[in-house]
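Let's take a friendly tour of a protein–DNA model. Have the sequence and the 3D view open as you read.

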There are 2 protein chains.
Amino acid sequence: MNNRLEEIRKKRGIKQEELAKALEVSRQTIGSLENGRYNPSILLAFKIARFFGMSIEEIFIYEEENNV
Amino acid sequence: MNNRLEEIRKKRGIKQEELAKALEVSRQTIGSLENGRYNPSILLAFKIARFFGMSIEEIFIYEEENNV
DNA sequence: CCCAAATGGAAAGTACACTTTACATTGTTG
DNA sequence: CAACAATGTAAAGTGTACTTTCCATTTGGG
């Protein structure tokens, strides 16, 4: 899964640490999401979407992962 | 998090097992989601939404969980 | 240039999504 | 009622999301 987190966060002019605090997760979690080290839980995805006033689908891009 | 999985699945007239096979997860996973034993991963949420031709937000209802 | 702020990322531990196996319960339907 | 289909659910194991701690690298402003 890809995501537009870094792009969207920078457009809002906020730091990873500020976003992390707002979402009540660690800064490393934000960094890991932005750099694709892992995917968010659905709860975190909802928090992120709500924070930015967007839908999950606008932020996280699912393209038929062929990982079997 | 609540979800409308059971409702939507029944409206389509398909069995838990059929849905499970289509999504490539176990039948128990579907049952557990329908009965709220746990939340789906975001990948599974995307698969479910895509399967039903709906958005994640239409199926999974996030209401500011106050679980801290 | 220099320092500090911002970010990248590894390591070890915890929580939970998901699997397989197994069994019990609840409807049908013959 | 008998027998089978559909669902509920528990237990134990695995993978991964997320945490805390720690250090390295990058970047911008004085």
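## Around strand D

Start with the mix of residues: the surface near DNA strand D is made of 4 nonpolar, 8 polar and 5 charged residues. Keep in mind that you're looking at a predicted model. In total, 17 residues surround DNA strand D, and the closest are Thr29(A), Tyr38(A), Ser41(A), Lys15(B) and Gln16(B). If you look at the atoms of DNA strand D that come within 4 Å of the protein, sugar and phosphate account for 64% of them.

Now zoom in on some atom pairs. The side chain of Gln28(A) has an N or O atom 3.1 Å from a base oxygen of DNA strand D. Asn39(A) uses its backbone instead: a polar atom there sits 3.0 Å from a sugar or linking oxygen of the strand. Over on chain B, an N or O atom in the side chain of Arg9(B) is 3.1 Å from a phosphate oxygen of DNA strand D. As for elements that give two or more residues to this surface, they are α3 (27-34) of chain A and α3 (27-34) of chain B.

## Around strand C

Next, swing over to DNA strand C, which has 18 residues around it; the closest are Lys15(A), Gln16(A), Thr29(B), Tyr38(B) and Ser41(B). By class, the surface here splits into 4 nonpolar, 8 polar and 6 charged residues. Of the strand's atoms within 4 Å of the protein, 67% belong to sugar or phosphate, and the rest to bases.

Which parts of DNA strand C do Arg27(A) and Gln28(B) approach? For Arg27(A), a side-chain N or O atom is 3.1 Å from a base oxygen. For Gln28(B), a polar side-chain atom lies 3.0 Å from a base nitrogen. Asn39(B), meanwhile, has a backbone N or O atom 3.0 Å from a sugar or linking oxygen of the strand. Helix α3 of chain A and α3 of chain B are the elements giving two or more residues to this surface. The largest share, 3 residues, comes from α3(B).

## Two helices in chain A

Finally, check how α3(A) packs against its partner, helix α2 (residues 16-23) of chain A: the angle is about 110° and the axes are 8 Å apart. That's why α2(A) counts as roughly perpendicular to α3(A). The crossing is right-handed.

From α2(A), the contact uses Gln16(A), Glu17(A), Leu19(A), Ala20(A) and Leu23(A), while α3(A) brings Arg27(A), Ile30(A), Gly31(A) and Glu34(A). Sorted by class, the contact residues are 4 nonpolar, 2 polar and 3 charged.

How values were computed: Residues numbered from 1 in each chain as written. Chains lettered and ligands numbered in written order. Predicted model: local features only at pLDDT ≥ 70, side-chain atom pairs only at ≥ 80, totals over all residues. Heavy atoms only, no water. Near = heavy atom within 4 Å. Polar contact = N/O pair within 3.5 Å; in protein donor to acceptor, adjacent residues only side chain to side chain. Helix = DSSP H or I, 4+ residues; strand = E, 2+ residues; numbered from the N terminus. Nonpolar A, V, L, I, M, F, W, Y, C, P; charged D, E, K, R; others polar. Axes fitted to C-alpha atoms, helices over the stretch in contact; angles between N-to-C directions. Parallel < 35°, antiparallel > 145°, perpendicular 65-115°, else oblique. Left-handed = near helix turned anticlockwise from the far one by under 90°. Contact = heavy atoms within 4.5 Å.
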